[in-house]
Amino acid sequence: MENLRSDNLIENPLEEQINSAIEGKGDHLLAFVRDEDVHLTGEVTRPETKEEIFALVKNFPGVRFITNHIRIKLPEERRRVEHF
């Protein structure tokens, strides 16, 4: 029960900071916390945004681990070529 409480203390404010960081950029991210491990998923349009979010989470109080599954969205032209 203690981990759940500490996870909630991390998750809610962290989600607010992530949403603020990606606002208006067309990026879609989800974060959930389990046993002080933040799991990041979604897509961003720029590698710098992925790095920025990772740094934000890494420096967030209470976070012990990060599982980062954020992907960089490829422009449509590259997607078509790479899938042939």
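**Notebook: charges and strands**

I started at Glu48, which is partly exposed with a relative accessible area of 44%. My cut-offs are under 20% relative accessible area for buried, over 50% for exposed and partly exposed in between, with a 1.4 Å probe and protein chains only. Arg46 also counts as partly exposed, at 47% relative accessibility. The side chains of Glu48 and Arg46 meet in a salt bridge, 3.3 Å from N to O; the term means a side-chain nitrogen of Lys or Arg within 4 Å of a carboxyl oxygen of Asp or Glu.

Note to self: this is a predicted model, so local features need pLDDT of at least 70 and side-chain atom pairs count only at pLDDT 80 or more, while totals for chains, interfaces and linings use all residues. Residues are numbered from 1 along each chain as its sequence is written, and side-chain values use heavy atoms, with hydrogens and water left out.

**Layout**

I counted elements next: the protein chain has three helices and three strands, in the order α-β-β-α-β-α from the N terminus. These are DSSP runs numbered from the N terminus, with at least four residues of H or I for a helix and at least two of E for a strand. Of the 84 residues, 30% count as buried.

Strand 1 and strand 2 run antiparallel, joined by seven bridges; strands pair if DSSP finds at least two bridges between them. The two form a hairpin with two residues between them, and Asp35 in the turn has a positive phi of about 55°.

I then checked the facing of strand 1. Leu29, Ala31 and Val33 point to one face and are buried, whereas His28, Leu30, Phe32 and Arg34 point to the other and are not. That fits the textbook: side chains in a regular strand alternate between the two faces of the sheet.

Strand 2 (residues 37-44) also pairs with strand 3 (residues 65-72), in the parallel sense over eight bridges. Leu40 is a handy marker: Ala31 stands opposite it, and in strand 3 its bridge partner is Asn68. Strand 2, helix 2 (residues 47-58) and strand 3 make a right-handed β-α-β unit, meaning that with the strands pointing away from the viewer, the path from the first strand over the helix to the second runs clockwise.

**Other charge pairs**

How many salt bridges does the whole structure hold? My search gave four. One of them joins Glu36 to Arg64, with the closest N and O atoms 3.6 Å apart. The pair links distant parts of the chain, 28 residues apart: Glu36 sits in the loop between strand 1 and strand 2, Arg64 in the loop between helix 2 and strand 3. Glu36 is buried at 18%, but Arg64 is exposed at 57%.

Arg71 and Glu43 form another salt bridge, 3.4 Å from N to O. Here Arg71 is in strand 3 and Glu43 in strand 2, again 28 residues apart. I get 51% for Arg71, hence exposed, and 25% for Glu43, hence partly exposed.

**Asp37**

Which residue has the nearest side chain of opposite charge to Asp37? I found Arg34, 8.3 Å away, and Asp37 is buried yet has no salt bridge. Lys and Arg count as positive here and Asp and Glu as negative, with His and the chain ends not counted.

The Asp37 side chain does make a polar contact with the side chain of His39, at 3.4 Å. The criterion is a pair of N or O atoms within 3.5 Å; within protein, one must be able to donate a hydrogen and the other to accept it, and residues adjacent in sequence count only if both atoms are side-chain atoms. Leaving out residues up to four places away in sequence, Asp37 touches Phe32, Phe65, Ile66 and Thr67, where contact means heavy atoms within 4.5 Å.
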